[in-house]
Every structure is written in structure tokens, then in C-alpha cells.
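Biologist: Before we discuss this entry, I should like to ask on what grounds each descriptive term is applied. Please show me the model.

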Amino acid sequence: AGSPSSADDTITFSVSGTITLTLGSPLPAIVSGQGALTIDGGGNITISGNNSVRVFLVNPGANLTLRNLTIANGNAVSGGGIYNAGGALTVTNSTFSGNSAIGDSAGAFGGGIWNSGALTVTNSTFSGNSADAFGVGGGLYNTGGGTVSITNSTFSGNSAGSGGGIYNFSTLTVTNSTFSGNSATGGGGILNYGTATLKNTIIANSTNGDCVGSLSDTSKNNLIKDSANACGLTDGMDGNIIGQDPNLDALTGSPAYFPLNSDSPAIDAGDNDTCAADPVNNQSQNGVTRPQDGDGNGTATCDIGSYEAAASVPTPTATPTATPTETPTVTPTQTRRPTRTPTPTPTRTPRPTRTPTPTPACASRRPTASASAASSALHSPPPITAIRGMGEGIGGRWTMHE
């Protein structure tokens, strides 16, 4: 950042990897009067307290913005990752992991962050931070007039004696964020003794209570799985869903978030006005612009939690394909022996009836020319009709030649 001045400064890195602090070489405090300081890790820088020192100390009146950084393994009695003693602290696209507050019977406060200033957290993840058995606020402890605004962020696996995810003793606003798997002796997710407002936020799967205390009456459209510890919210009122499992998928991404499974009741159950307004501005932790029609009902509504499910494409109604009529398999017909066509018995042609050759009656000799008339008369044949009758009677017709 150069010599102290009132000008704003930005620190970026040309390398990637882990910067490890030791007891002999902690980072200097961020002080007021020297302008705003921005530290941008580009997504490739981890600053580790090596489980021996706090990572950042922000003095009253100082202004610090952290972007694309991982703050890991810080350790102190108060504020293992960061102790904000009254400055303006902004955290964006960053991860707090494995930081711890370890004290004695007097207590330990804020494993990830101890805050008494103005803290704004966006698109960030607090995972595996802790305050010991006498401690409070495993992920975050807010006290001393501090104001905290958390948006599109995830709290997972944080633990403490009280307030595993967050212990609030001042003013807290949480919008479109997801808390899952946090634990404490009391108030595993959030323990509130100050003023807290939750909108479009999921709290689930906590040990010893998802949300203990009470919330402002402007809290709405939240999903809290533990119906016995829901900070006074009632199922079905103001869009709140109480007593249902949000059906979260496994933690993924960087900074990490919990996707919503396709049958999650958090899909399309948020408040669109809340999503459109600052600080959400229709953004989500997984980078999908809100709102989407995640349930495919034709109306785009933002989801509860830090994650926004992409629009569901309706499954088109299939045009029924005509079932082809099955061509019957021809069962071969047994070939019968051909029916014998009987050879017709030839009709015997009857022997022709023999037409008997008529036996002529005694043919009369022709009279000679010299015969007398009397003799002709005596030998003239009988009348033809009479002879015909005789011939027919004998058995056949015959012709008489004269």
C-alpha cells in the first residue's frame, strides 16, 4: 500500500498459494485515517493464521474490503479470523475456514469474525469455524452496537458453546442465505439476543436448535426445518415454511454453497421484492440471476436460500407414436396331400344300334317289255304304303326303290 496516506489503496497478487503467518510476523492492524484498503486475492490466495495467530485486526474507523480470499486457521481468544473493533468491514466472494476462538472460563468469541463495527458479507462461506465449549459464535459473533448484513452466503459446520453459526447480541440482517449442519449446546444455527431479521433464508440440520430467540416481525419467506426452534416463526404465515426439510444437495463450489435438489420446498418459495432489492439485487451465490422458474410452473419466483435453481424446462408432452399393427406371423399350414381328383370313369359309348339292313320282300322282276298287259297286272307290286308298314314292323325304315 506504500507510505501512509489518506488515499484509497488496493492490494492484488501476481502469484497464487498460501501466505502463512506466525507468532513473530502477524499482519499489521488496519487503521483509520489512511483511506480504504481493498485486498483482492483473485480467488487464488489463502492467508493462514497457522492456528497460532489472528489473521486481521481492524481498528475503529478503519475501512477494509476483502475480495476473492480465503481466511483460514486463524486463532485468538476473540475473532480468530478477523477482529473488527469498530471499523467498516466488507467481505465479498470469500471463504472463512477453520478459524477458532479459544479462551478459558471467561469465554471465547467469534471463531470466524468478532464484530462491533459495520460488517457486510456477500457471496461468502463460513465453514468449519469454532469457538470452544465456553465460547459463543462459532462462525460470527456480533456485539457492542455492531451491525451485520449477510447476503447470498452459506454457514456450514461451524460450532460453539452457544450460537454455532451466529451469536447475535446487536443488529443482524440475513437475506437469501443458507445455514446447515452448524452445532452448539444452544442455538446450533443462530442464537439471537439482539434484533434480527431473516428473509428468504434457510436454517436446517442444526444440532440443538436451528434458530433460538425471536425475530423481527418483518422476517418472511424463510424455511426453518426445526419447528421447535424457529425463532417464533409460524408455518404458513408471511411465506415462512416451518418444519420441512429443505432437501439440500452436497456442499459444492468456491465459495461453497448448498444446491437445492429438484424437489426442495425452497424452490420458487422466496419473495421476489426481497430478491430484487439491495443487497440481493437479483443475484445468487451460484451465479444464476434471480428469479428463475425453478419448478417449471410458468412463473419465475426466486428461491429461498443462497442458491437459485435454474429454470426448469417443461418436459414436452410426447406425441403418441402409433403402435404398428403387428403383422401376424404366418403359421405354416400343414400341406395336406392333395385330394385326388378321381379319374372319371369313361362313359361307355354304347355300341351303335345296328340298323338292320332290311330284307327286301321278294323283289318283283321287272316285266319284260313283251309281257302282256294282263300279265303286268297280275305281277304288279302291292301299294307302297302297305310295304312300308311291313318294313317298319320288321324293325327298320327302309326305302323302296322302284
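Modeller: In this predicted model, Thr175 has Lys199 of strand 24 as its bridge partner.

Biologist: What makes strand 20 and strand 24 a pair?

Modeller: Two strands pair if at least two bridges are found between them. Strand 20 (residues 171–175) and strand 24 (residues 195–199) have five bridges in the parallel sense, so the pairing criterion of at least two is met.

Biologist: How do you know that strand 16 and strand 20 pair?

Modeller: The criterion is again at least two bridges. Strand 16 (residues 147–151) is joined to strand 20 by five bridges, also in the parallel sense. Thr147 stands opposite Thr171 of strand 20.

Biologist: Why is Ser219 called buried?

Modeller: Ser219 has a relative accessible area of 2%. Buried means under 20%, and therefore Ser219 is classed as buried. Ser219 belongs to the loop between strand 26 (211–212) and strand 27.

Biologist: What makes the approach of the Ser219 side chain to the backbone nitrogen of Leu198 a polar contact?

Modeller: The limit for such a pair of N or O atoms is 3.5 Å. The Ser219 side chain reaches the backbone nitrogen of Leu198 at 3.1 Å, and the backbone oxygen of Ser216 is likewise reached at 3.1 Å.

Biologist: Which residues is Ser219 in contact with, leaving aside neighbours within four places in sequence?

Modeller: With heavy atoms within 4.5 Å as the criterion, these residues are Ala196, Thr197, Leu198, Leu233, Asp238 and Asn240.

Biologist: Why is Asp238 called partly exposed?

Modeller: The relative accessible area of Asp238 is 49%. Exposed means over 50% and buried under 20%, so Asp238 is partly exposed. Asp238 lies in the loop between strand 27 (223–224) and strand 28, and has a positive phi of about 55° although it is not a glycine.

Biologist: What makes a positive phi worth noting?

Modeller: Most residues other than glycine have a negative phi. Asn68, in strand 5 (residues 63–72), also has a positive phi, near 55°.

Biologist: Why is Asn68 called partly exposed?

Modeller: Asn68 has 22% relative accessibility. Buried requires a value under 20% and exposed one over 50%, so Asn68 is partly exposed.

Biologist: Where are the prolines at the cis peptide bonds from Ser254 to Pro255 and between Arg290 and Pro291?

Modeller: Pro255 is in the loop between strand 28 (241–242) and helix 1 (272–276), with omega near -5° for its bond from Ser254. Pro291 is in the loop between helix 1 and helix 2 (373–379), with omega about -15° for its bond to Arg290. Most peptide bonds are trans.

Key: Residues are numbered from 1 along each chain as its sequence is written. This is a predicted model: local features need pLDDT of at least 70, side-chain atom pairs count only at pLDDT 80 or more; totals for chains, interfaces and linings use all residues. Side-chain values use heavy atoms; hydrogens and water are left out. Helices (H or I, at least four residues) and strands (E, at least two) are DSSP runs, numbered from the N terminus. Buried means under 20% relative accessible area, exposed over 50%, partly exposed in between (1.4 Å probe, protein chains only). A polar contact is a pair of N or O atoms within 3.5 Å; within protein, one must be able to donate a hydrogen and the other to accept it, and residues adjacent in sequence count only if both atoms are side-chain atoms.
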